[in-house]
There are 2 protein chains.
Amino acid sequence: MNLENSDKWEKIRRDENLIEKALLLAERDLKVSLENKKMGNNDWAFSIAYNSMLQSGRALMFHSGYRPKGEYKHVAVAEFLRNFPNEKLAEKLIFIFNKMRKKRHT
Amino acid sequence: MNLENSDKWEKIRRDENLIEKALLLAERDLKVSLENKKMGNNDWAFSIAYNSMLQSGRALMFHSGYRPKGEYKHVAVAEFLRNFPNEKLAEKLIFIFNKMRKKRHT
């Protein structure tokens, strides 16, 4: 893994609180997304699920001792996933991530 | 009203469909926001209400024959409101708009 140099993230001191907070948000948003799906609010269920995914990605970054940097933090999180050893899973995640991100902006 | 020159909006041919679509989204999001509020999903109720407000602002722009331009379309919509004659209302709306926008990014 070569994580040192990027304009998309920076090294931070690992902080368990930060990880915990991001995971709680991811969990909460997954619940809210499902509730909205059940009520037929499909567009919002989608947006909220995207946010949940983003929070999980942030948790992974914080866990690794990094945080997203710059204007496009969503992109930074997706890009960061490329650094993980199980590359097939990472590629899959990035694919879904980018697809969801594009859909949100149409 | 001096609307001609701005890097935040541009003149378009007035299109009833565009106006209608934005108003329907505003209405839909207001409903979804209230549903989420009832379920205690306060953060999302807030974000969705913000989006409803943004859609109403877009409808007003389209109605006036303009559309937001550039990277920060949210800002463009809020700024556009300044051009409306009933300035007290516009100021109030911009105030709420900016406050909500800032809250969303914290």
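How many Å should the 22 residues of helix α2 of chain B span at 1.5 Å a residue, and how far apart are its end C-alpha atoms? In this predicted model, helix α2 of chain B covers residues 42–63, and its expected span is 32 Å. The end C-alpha atoms lie 31 Å apart, which agrees with that figure. The helix α2 of chain A, also residues 42–63, gives an expected span of 32 Å and end C-alpha atoms 31 Å apart, again in agreement.

A glycine comes after the helix in each chain. B:G65, just after α2(B), has a positive phi of about 85°. In chain A, α2(A) is followed by A:G65, with a positive phi near 85°.

| Helix | Expected span | Distance between end C-alpha atoms |
|---|---|---|
| α2 of chain B (residues 42–63) | 32 Å | 31 Å |
| α2 of chain A (residues 42–63) | 32 Å | 31 Å |

The next topic is the relation of the two chains. Chain B is superposed on chain A by a rotation of 180°, with 0.0 Å of shift along the axis and an RMSD of 0.0 Å. The two copies are therefore related as by a two-fold rotation axis. Among the residues of chain B, B:N36 comes closest to the rotation axis, its C-alpha being at 4.0 Å. Both copies use the same surface, since 100% of the contact residues of chain B recur in chain A.

The contact itself takes 15 residues from chain B and 15 residues from chain A. About 1100 Å² is buried between the two chains, and carbon and sulfur atoms give 51% of this area.

Polar interactions also cross the interface. The rule finds two salt bridges between chain B and chain A. One salt bridge joins B:D43 to A:R28, with the closest N and O atoms 2.8 Å apart. Seven residue pairs, with both residues at pLDDT 80 or more, are found in polar contact across the interface.

On the side of chain B that touches chain A, the elements giving two or more residues are α1 (16–38) and α2 of chain B. The most comes from α1(B), with six residues. By class, this side of chain B divides into five nonpolar, four polar and six charged residues.

Conventions. Residues numbered from 1 in each chain as written. Chains lettered and ligands numbered in written order. Predicted model: local features only at pLDDT ≥ 70, side-chain atom pairs only at ≥ 80, totals over all residues. Heavy atoms only, no water. Helix = DSSP H or I, 4+ residues; strand = E, 2+ residues; numbered from the N terminus. Expected span 1.5 Å × (residues − 1). Contact = heavy atoms within 4.5 Å. Buried area = accessible area lost by both parts, 1.4 Å probe. Salt bridge = Lys/Arg side-chain N within 4 Å of Asp/Glu carboxyl O. Polar contact = N/O pair within 3.5 Å; in protein donor to acceptor, adjacent residues only side chain to side chain. Nonpolar A, V, L, I, M, F, W, Y, C, P; charged D, E, K, R; others polar. Least-squares fit on C-alpha atoms with pLDDT ≥ 70 in both.
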